[in-house]
Structures are given as structure tokens and as C-alpha cells.
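Biologist: I've got the sequence and the model open side by side, and I'd like a close look at one part. Please pick a covered helix, tell me what surrounds it, and then carry on to other spots you'd click on.

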Amino acid sequence: MPTETPAGETGINDVVSIEINGSVGLIALDNPPVNAASHAIRSGLWQAVETLQQTDGVEVIALYAKGRTFIAGADIREFGKPPLDPWLPELCNFIESASRPIVCVLHGTTLGGGLEVAMSCHARVALTGSKVGLPEVTLGILPGAGGTQRAPRLAGIATALDMITGGKPMGADEALANGLIDRIVEGDPRDVALSSAKDLLAGDLPNRKTGDLTAEPDPAAIEAMRAKLAKSQPLLFSPHKCVDAVEACHLPIRDGMKEERRLYEECMASPQRAGLIHAFFSERAVTKIPEATATTREINSVGVIGGGTMGSGIATAILLAGLPVTLTERDQDGLDRGVATITRNLDGAVKRGKLSEAGRDDILAAKLGTSTDLGALSDADLVIEAVFEDMGVKRDIFQTLDKVCKAGTVLASNTSYLDINEIAATTSRPQDVIGLHFFSPAHVMRLLEVVVADKTGDDVVATGFALARKLKKIAVRSGVCDGFIGNRIMTFYKKAADYMMMDGASPEQIDTAMRGFGFAMGPYQVADLAGLDISWAANKRRAATRPAEERYIPIADRLCETGWFGRKTGQGFYIYDDQGSRPNPEALAIIDTEREKAGVTPRSFTEDEIVSRFMTAMISEAVRVLEEGIALRPIDIDAVFLNGYGFPRFRGGPLHTADVIGAGELVRRIEEYAKEDAYYWKVPALLRQIAETGGTFAEMNAKG
């Protein structure tokens, strides 16, 4: 039974209400925080339209939403569950076929099913600043409630293809220019709904059933998009199905929607959909940390130590988030280089439309300070050290910070590998010390490893996560070990690649195989990009403690000894010049020499074998990181690799991939590889346990 709600509205259910104002029937949606298209929204909206159609005197219906946005997509709580009637496609068809004209008012971000509902209405009005989009492709599916059929009818096939295969939202002005909406206005959603309904009734707004429109054929756009996707996204499944669905828009709307539904179900059955949904949820899962309820410290000013690539990138990220930064370096030349790098980074933000020229100038003039004296950081709320990976240098810096910084300042190190406990022990306030491991370029990469030392305070951990949110980064909690989560695992699986290189595979062949798996770059391309000297320094640091049983491959060290550090020096495993990149023949000669010294007879590797060994090594070390409690959950490790190491998003991450392969098969592989190298290839106890019990890493995620 409908219930009376405040302000003259009648509640259809808890999230949908109606109001009659003269000849106008108003429908209000109120399902915070984003008015997701939940079952309650769908069923309530159906009942509301049905009720108003049967109400004497109501000649027109206006649909709007309360809160900060119109329907912003599906309800993630319903993901993976059987859909409940009414399904969204049925609701959209019901709205479109209504006997009373319906106008909807869009504000905030109208995405996915929200835009499909809007396109099924007979007119669409957007508030200034609104955005609309169909992002389903980012979850491995396609718009399944008529989006691939109605968008081409309103905006044309070319625009619909760009929108649906790209998944990016468009602003109201662009949506108006392309015919997706009919008008842009200012005002309160309810007031606009009322006035728009009257305009629709008076003929001042177009009154059209989208399904009755005809999409102008555009075979050239269809073929152009197919060619583009074949080149840019050959491994992905759903973008190609999106094109197939849009191509069906020449059919009558109901027939086109049947084809859309068939293709939608194909996407739903794809392993890529499962991987992309897992990746989507990972960004929420990693925020669940033991310290989540701790009160955060207030961060109003930040000091950054080191004006190199990392320090300048970190400073840029913080400046773009609106916080003032004091950059320190040992000398004025270092500061000048750091400021120049920050300026270039900000210029890049201007070119990308992320920042205005006036905003850039204001940041440089008012929010960026510099000094060659660490004493300038005495009043900073947070100090981030980002100097070279040398424990002695870092210890000296933190001893100084302990003396000059005020009580309560969060002292963070951006170290990639070094022991945060040892750094913290140099201070009288280890509870204030934490690792904040940014990834290069720090103002672009989304990942931030928050490294928690033995004595780090809960409030400092919570503050690290709060900072990540402010910087729009994905924070993952890590314990202390050499390399933390990501670099520790990378160091291990890079050895598997090196072993294959020594035994007969070329760097190019290994890189090609891993690109075929879905990585944008292979391990040797990544090594050249990061700088071979970085791993060289780590190799020298570990040399004294390297076990005698470990097989060590010195090929990258030999390249560094010649002064070849990768892209920064023009050559490494590859040559980089005006002609692009290509395998370095001198590097191949060094590989041959090292094979000969080691008495290795090269053998051939298939791409499948390369991928199998590479991924098995990655997964086995990831399991050990989990066993030791360095990562809280399997999904945390997946988030690290999805956001910091280029792991193909459609595969969901290393431990999601482990579930796809199966623990039993992984154990079998490791035991087989161990016949060649029993020291490197060992079955983690947790992996063997999961194999024996038939469990999965997904079950561990579900337990939290």
C-alpha cells in the first residue's frame, strides 16, 4: 500500500514517491547515495508510472531524482545475483510505451542503466554540469536494457559506438549536441521537472518515443570501429560485442533488443566479465583495513624531500589535490631541476584538461615552496622522503626530521624496498613513521602502497589511506618485507623470466608472449623503462645475503656495467632512438656470452610455456606474501598488480587468475618445474592446502 510521505508526496515504496501537481504527475527517486537502479527503484518506478497513467487529470509525467545524482548505474549489491522482476529492459520498454508522455530530468552523473531509463523517456532535460555515459564495457559487458539500440537512434551510430565501446561519460553540452538530451537548464531537479513537464505538454519540448526513431545507417562507422578495436583491444571480448549490438539497431527496437540481450548473455558468460567485475570490487575491498576506525591526523601542509623524478611527481600529485608543498633538496641546482619537473607535470595537466592555466600559475606562485634546509619542514603535517634507495642516506634524513619536525608530524618514506622498521628505529617517534610507496609517474599512477611498520600508529595508517583518497589513488595496506607486496613479487617472477632468457628465450620473445597474455609491456620493456640501474643497485645490495643455492643471472648487471640503463641512456635490452625501439644486438651478444660461460645449451620455448612459467612464478610468490600476512587478502595483491604493474584488468589479478587456473594445476606445474631447479620452484603450503581442500582464493576474500 502506498504511504503518505512529507511535502505532499505519496510513497510508492521506500525509494520512490509520486506527487500530483495539476495535470503533472511527478515521480521522485531517492535511493542514496547514487540512486542505483536497485530492485526497489525498478519496481517502484514501474508502479509509479502505472499509477499515474491511471490517475484522472494527469496528462504528463516528469521523472527526477533527489540527492546528488540521477540514476548512476546498477546496484553493485545485486551483482552476481539472479535479477528480480522487473528487469531493467522490461522497465525501459514499459516507460517508452506509456500512454502519458514522460520527461526526465538528469543531474549529477547519469550512467549505464540510468541513461537507458532516460533514453526510454519521451524527452530528456539535463541540469548544467551533468554527465551521461554507458560504461558497461569497463565491466566486461554491454548496455543490456536497450542502450545499444536507443543511443544510435538519438545520437547516431558513430557517436553511440564511441560512447559504448569507450565507456567514458560525456558532458551535458556534448550530449545536447549529439541529441542524447533535448535541453540544458539551471535549477532544482523538482522545479525543472515541473516546468519541463508543462513545456512537453505545450509542445515546447519534443515528445518522441525513441524506439520509433530510425538510426541512419552508417556501415563505414561500424567497420572503422571494428578496425580500431582489432588494433587497440584485440584481446578484449565485450567491446567487439558492443559493435555487433549497435549494428543491430537497423532492426525494429524489440528485435534489436533481443539481439542485444543475446550478446549481453555472451558477455556475462565470458571469463573476462568475471575478471573485470573482480577488478571493480578490488578498489572497494582494499579500503577495509584494521585501522579504518582510527581518527585521522589533519594534513594541511606537506613537505617532500628530493626533487628527482619520484619526489617531483609526488609533489605534483599533492599540489593537484590542493595541498601546499615545500620541496627540499641538497642544493639549489637540485631544487631548480625539481621545480622544472613539477612545472612540466602541471603543464601536462593543463594540456589534458585537468587544470587551467590560471590554476597552474596559482599553484606555482602560492602553493609550492622550496628550500635547501630540512628545517623548513618544521611545521609540516606530513613529510615524505623520496631520495635514492640508500639506507644510510634515509636514516640520516629521518634522524634530522626527528629533531626538526613538530610533534605529530607523519614521517613517511617512499622507499621501494627498504625496511621501514629500520628507518623508524632511527627516530624517537616510530609510531609516526610509515611507508608511502608511490609508483612512477607518481602524479599519474593510481597505486599507493601504505607500508605499516611494527610500531606505526593506527591513526597514521588511517591518515595514509585518507591521503590516498584525497589524491584519488588506490591505497593498499602492506606489511614490511623486502619490496613490500608488488616489488617483492616482481623481483621473484622476474627471475623466472631471466631463467628462460638464459636458457634460450630472447627478451623480445618473452615480452611478446606476455603482451599476448594482456600486459601492455613485457618484463624487459618494463625494466628498460624503469631503469636497469635501479635493479642493479638492489642486486648489489642483496649480493652479500644471496643464498649459494640460488641460480643468479648476471645479464642485466653486464648491461649496466657498460653504461646501458635502458630508455634513459638510449639502450638496454632494446635500442631507443628516432627510429623507435628494437632489440639491442649487443645485448643479445652479452646474453650469448653469459650462456656460454654458464655452459647452457639454449633450447626453444613456446609462448604458452613462457606465460605458464611467468604466471606460476608470480602466483607462487603472491601466495607466500599472503601466507606471511604482508597482504591482508588475495584481492589486495590483485589490486596492487592491476593498478601498479600493468596486470591485464580483464584477468582480474594474479590470485584471481590462480582460481581460473586452479590450485591443483599450479601445484602440478611447480612440482614439474622443480625437477630443474628445486631451490626456486617450491610449492607454498597455502597453495597446497587450497589444492587439497578444493578451496579458492575468492573464498578467502569473502571471509575478509
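Modeller: Here is a walk that begins at one helix and then moves out to other places in the chain. Keep in mind that this is a predicted model.

Let's begin with helix H4, which spans residues 147–155. How many of its residues are buried? Nine of nine, so the helix is mostly covered. If you want to colour them, the buried residues are Gly147, Thr148, Gln149, Arg150, Ala151, Pro152, Arg153, Leu154 and Ala155. Notice that Arg150 and Arg153 are on that list, and that both count as charged.

What do these buried residues pack against? Their partners include helix H2 (88–96), helix H3 (113–120) and strand E8 (123–127). Helix H5 (157–166), helix H9 (238–247) and helix H10 (253–268) are partners too. Just after H4 comes Gly156, with a positive phi near 90 degrees.

Now click on Thr210, which touches H4 residues from a loop. The loop runs between helix H7 (189–202) and helix H8 (219–232). Thr210 counts as buried because its relative accessibility is 1%, and the cut-off is under 20%. Leaving out residues up to four places away in sequence, Thr210 touches Arg150, Arg153 and Leu154, along with Glu96, Met119, Cys121 and Arg124.

Since H10 came up as a partner of H4, look at the cysteines next. Is Cys267 buried or exposed? Cys267 is buried, at 0% relative accessibility. The closest cysteine sulfur to its own belongs to Cys242, 6.3 Å away, which is too far for a bond. Sulfurs have to be within 2.5 Å to count as a disulfide, and the count comes to zero disulfides. Cys405 is another buried cysteine, with a relative accessible area of 6%.

Next comes a pair of helices. Helix H11 (residues 271–285) packs with helix H25 (residues 634–644) at about 110 degrees, and their axes are 9 Å apart. That angle makes H11 roughly perpendicular to H25. On the H11 side, the residues that meet H25 are His278, Ala279, Phe281, Ser282, Glu283 and Ala285. On the H25 side they are Ile635, Asp638, Ala639, Leu642 and Asn643. The residues of this contact divide into six nonpolar, three polar and two charged.

Two buried side chains with polar partners are worth zooming in on. The first is His437, in strand E17 (residues 433–438). His437 is buried, with a relative accessible area of 4%. Its side chain makes a polar contact of 2.8 Å with the side chain of Glu449 and another of 3.3 Å with the side chain of Ser416. Setting aside neighbours within four places in sequence, other residues in contact with His437 include Ser413, Leu447, Phe484 and Asn487.

The second is Glu9, in the loop between strand E1 (3–4) and strand E2 (10–11). Glu9 is buried as well, at 8% relative accessibility. Which side chains does Glu9 reach by polar contact? One is the side chain of Ser17, at 3.0 Å, and another is the side chain of Lys66, at 3.0 Å.

To finish, a few backbone oddities. Most residues other than glycine have a negative phi, and most peptide bonds are trans. The peptide bond from Asp85 to Pro86 is cis, with omega near 0 degrees, and Pro86 sits in the loop between strand E5 (60–65) and H2. Another cis bond joins Ser440 and Pro441, with omega about -5 degrees. Pro441 lies in the loop between E17 and strand E18 (447–451).

As for phi, Asn35 has a positive value of about 50 degrees although it is not a glycine. You'll find Asn35 in the loop between strand E4 (24–29) and helix H1 (39–53), buried at 2% relative accessible area. Lys472 has a positive phi of about 60 degrees, and Lys472 is not a glycine either. Its loop runs between helix H17 (458–470) and strand E19 (474–478). Asn35 is buried, whereas Lys472 is exposed, with a relative accessible area of 70%.

Key
Residues are numbered from 1 along each chain as its sequence is written. This is a predicted model: local features need pLDDT of at least 70, side-chain atom pairs count only at pLDDT 80 or more; totals for chains, interfaces and linings use all residues. Side-chain values use heavy atoms; hydrogens and water are left out. Helices (H or I, at least four residues) and strands (E, at least two) are DSSP runs, numbered from the N terminus. Buried means under 20% relative accessible area, exposed over 50%, partly exposed in between (1.4 Å probe, protein chains only). A polar contact is a pair of N or O atoms within 3.5 Å; within protein, one must be able to donate a hydrogen and the other to accept it, and residues adjacent in sequence count only if both atoms are side-chain atoms. Contact means heavy atoms within 4.5 Å. Axes are lines fitted to C-alpha atoms, for helices over the stretch in contact, and angles run from 0 to 180 degrees between N-to-C directions. Angles under 35 degrees count as roughly parallel, over 145 as roughly antiparallel, 65 to 115 as roughly perpendicular and the rest as oblique.
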